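Me: Please take me through one part of this structure slowly, in plain words. I'd like to see how it ties in with whatever sits around it.

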Amino acid sequence: MALLPILCYPDPRLHKVAQPVQAVDERVRSLVDDMLETMYEASGIGLAATQVDVHLRLVVIDVSEQRNQPLVLINPEITWMSEERVKGEEGCLSVPGIYDGVERASAVKVKALDRHGKTQHVEAEGMLAICMQHEMDHLLGKVFVEYLSPLKQGRIKTKMVKAQKAER
Ligand code: NI
């Protein structure tokens, strides 16, 4: 297993659209393991392959308190979303230190393959529903800050670029 570098906003590679996984083979399972390790190490609750510069439709999630309930979603598709919407505070491993409110469906149903290539149906509400929508946005090349006002987005971009320069 290995820790993978996480792309930071406003890296243009975060806006690439991910392609479907063709076969859930050992290579994909090894990527899943690396992504889980990377997510846990960074204390995140979700990570999309896009964030580690792999442009495949694959996300890992763990919203459990004990950090022992990994959820692997390969080629995920939302099959239903509630009309009811909620505004929750979101953050992202690709936008460290930034948290802001985003409105999303309060519940969703998602169809995806698991790490063995088996079809699974996941019904979610609360934090898991929000996390799944956030991670699936990454696969479409969308980062949560893009839901914020242009003014806020500009400020965040400036802050991120400055922080990345300081790190170098
Ligand atoms: Ni994110």
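Reply: **The largest pocket and its surroundings**

In this predicted model, the lining of the largest pocket is made up of ten nonpolar, nine polar and three charged residues. That lining has 22 residues, and the ones that lie nearest the centre of the pocket are I45, E90, G91, C92 and H134. The volume of the largest pocket comes to about 360 Å³. A quick word on how such a space gets found: rolling a probe the size of a water molecule over the atoms shows where empty space is left.

Which parts of the fold build this lining? β4 and α2 each give at least two residues to the lining of the largest pocket. The largest share is from α2, with six residues.

Keep your eye on C92 and H134, because you'll meet them again right away. The nickel ion is coordinated by C92 through SG, and by H134 and H138 through NE2 in each case, at 2.1 to 2.2 Å. If you read along the sequence, the spacing of these donor residues is C-x41-H-x3-H. C92 and H134 link distant parts of the chain: they are 42 residues apart, with C92 in the loop between β4 (85–90) and β5 (100–105), and H134 in helix α2 (residues 126–139).

Are these two donors buried or exposed? The cut-off you need is that a residue counts as buried when its relative accessible area is under 20%. C92 has 11%, so C92 is buried. H134 has 6%, so H134 is buried as well.

Now look at the second largest pocket, where α2 turns up again. Its volume is about 200 Å³. This pocket is lined by 13 residues, and I78, M81, R104, Q133 and D137 are the ones nearest its centre. The elements that supply two or more residues to this lining are β3 (71–81), β5 and α2. By class, the lining of the second largest pocket splits into six nonpolar, one polar and six charged residues.

R104 deserves a pause. You'll find R104 in strand β5. Its relative accessibility is 4%, which means that R104 counts as buried. R104 and S82 are 22 residues apart in sequence, and their C-alpha atoms are 9.3 Å apart in space.

From β3 we can step into the sheet. Strands of a sheet pair through backbone hydrogen bonds, either parallel or antiparallel. Here, five strands make an open sheet in the order β1-β2-β3-β6-β7, and the pairing is antiparallel. β1 (46–48) and β7 (119–125) are at the edges with a single partner strand each, so one side of each has no neighbour in the sheet. From one strand to the next, the twist averages 40°.

Let's follow the pairings. β3 pairs with strand β6 (residues 107–113) over five bridges, in the antiparallel sense. M81, which you met near the centre of the second largest pocket, has V108 as its bridge partner in β6. Strand β2 (residues 58–61) pairs with β3 over four bridges, again antiparallel. In that pairing V60 is opposite V72 of β3, and L58 is opposite I74 of β3. Then β1 and β2 pair over three bridges, also antiparallel, with L47 standing opposite V60 in β2.

Which way do the residues of β2 point? L58 and V60 go one way, V59 and I61 go the other way, and all are buried. For a contrast, try Q66, which has its place in the loop between β2 and β3. The relative accessible area of Q66 is 60%, so Q66 is exposed. Q66 and V108 are 42 residues apart in sequence, and 23 Å lie between their C-alpha atoms.

To trace it all yourself, start at the nickel ion with its donors C92, H134 and H138. Move along α2, which gives residues to the linings of the largest pocket and the second largest pocket. Then cross to β3, and go on to its antiparallel partner β6.

Definitions and conventions. Residues are numbered from 1 along each chain as its sequence is written. This is a predicted model: local features need pLDDT of at least 70, side-chain atom pairs count only at pLDDT 80 or more; totals for chains, interfaces and linings use all residues. Side-chain values use heavy atoms; hydrogens and water are left out. Donors are N, O and S atoms within 2.8 Å of the metal (3.2 Å for Na, K and Ca); water is not among the atoms, so sites may look incomplete. Buried means under 20% relative accessible area, exposed over 50%, partly exposed in between (1.4 Å probe, protein chains only). On a 1 Å grid over the protein atoms alone, a cavity is a set of points where a 1.4 Å probe fits but cannot get out, and a pocket is an open set with protein on both sides within 12 Å along at least five of seven lines; lining residues have an atom within 4 Å of a point. Grid points are joined across faces, edges and corners, and a volume is the space filled by probe spheres set on the points. Ala, Val, Leu, Ile, Met, Phe, Trp, Tyr, Cys and Pro count as nonpolar, Asp, Glu, Lys and Arg as charged, and the others, Gly among them, as polar. Two strands pair if DSSP finds at least two bridges between them. Axes are lines fitted to C-alpha atoms, for helices over the stretch in contact, and angles run from 0 to 180 degrees between N-to-C directions.
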